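Me: Please take me through this model by way of a few questions.

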Amino acid sequence: MALIDREKLKANSCGDDEMLVELVSMGSSRIDRATTELSEAVADKDWDALSRLVHKLRPIIFYAGLTCLEQDLLRIEKNSKARWELDRLPEQIEKINQTMIAAKSELDEILSASG
């Protein structure tokens with residue numbers, strides 16, 4: 001099952017191949033740093049940092065076509081900010097990280113196919 005919504009990615013790039021490559025590159029490069037930062041914020045129980053990180057990550061991930069995470073990221077952002085269900089955040093972040101790592105492979109394939 002594909003994680004990247006290629007139709008959304010195509011729409012976000014307005015059919016412009018250069019913009020598509022830019023969005024895919026941005027999403028792919030951000031994933032590595034994001035997984036580390038999210039894990040560190042959870043390990044440190046720094047809920048404010050987690051909320052900020054997710055808030056900044058959401059649009060990048062969305063524009064890169066990883067729309068399947070949109071609702072999960074929004075919930076994590078709200079819960080970490082409001083200090084709700086904090087005991088569930090480590091598991092949720094792990095799931096997000098695993099999904100992003102798998103999606104990075106798809107993004108890298110799209111980049112390779114784009115030339």
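The turns below cover confidence, one helix pair, one residue and the cysteines.

Reply: This is a predicted model, where local features need pLDDT of at least 70, side-chain atom pairs count only at pLDDT 80 or more, and totals for chains, interfaces and linings use all residues. Residues are numbered from 1 along each chain as its sequence is written, and side-chain values use heavy atoms, with hydrogens and water left out.

Me: Which element has the lowest mean pLDDT?
Reply: pLDDT is the predictor's confidence in each residue, from 0 to 100. The protein has a mean of 93, and 99% of its residues reach 70 or more. Among the elements (helices being DSSP runs of H or I, at least four residues, and strands of E, at least two, numbered from the N terminus), the highest mean, 96, belongs to helix 4 and the lowest, 90, to helix 1.

Me: Are helix 2 and helix 3 roughly parallel or roughly antiparallel?
Reply: Their axes, lines fitted to C-alpha atoms over the stretch in contact, are 10 Å apart at an angle of about 165°. Angles between N-to-C directions run from 0 to 180 degrees; under 35 counts as roughly parallel, over 145 as roughly antiparallel, 65 to 115 as roughly perpendicular and the rest as oblique. Helix 2 and helix 3 are therefore roughly antiparallel.

Me: Is Ala 103 buried or exposed?
Reply: Ala 103 lies in helix 5 and touches Leu 3, Ile 4 and Leu 66, not counting residues up to four places away in sequence (contact: heavy atoms within 4.5 Å). Buried means under 20% relative accessible area, exposed over 50%, partly exposed in between, with a 1.4 Å probe and protein chains only. At 0%, Ala 103 is buried.

Me: How many disulfides does the structure hold?
Reply: A disulfide is a pair of cysteine sulfur atoms within 2.5 Å. The number held by the structure is zero.
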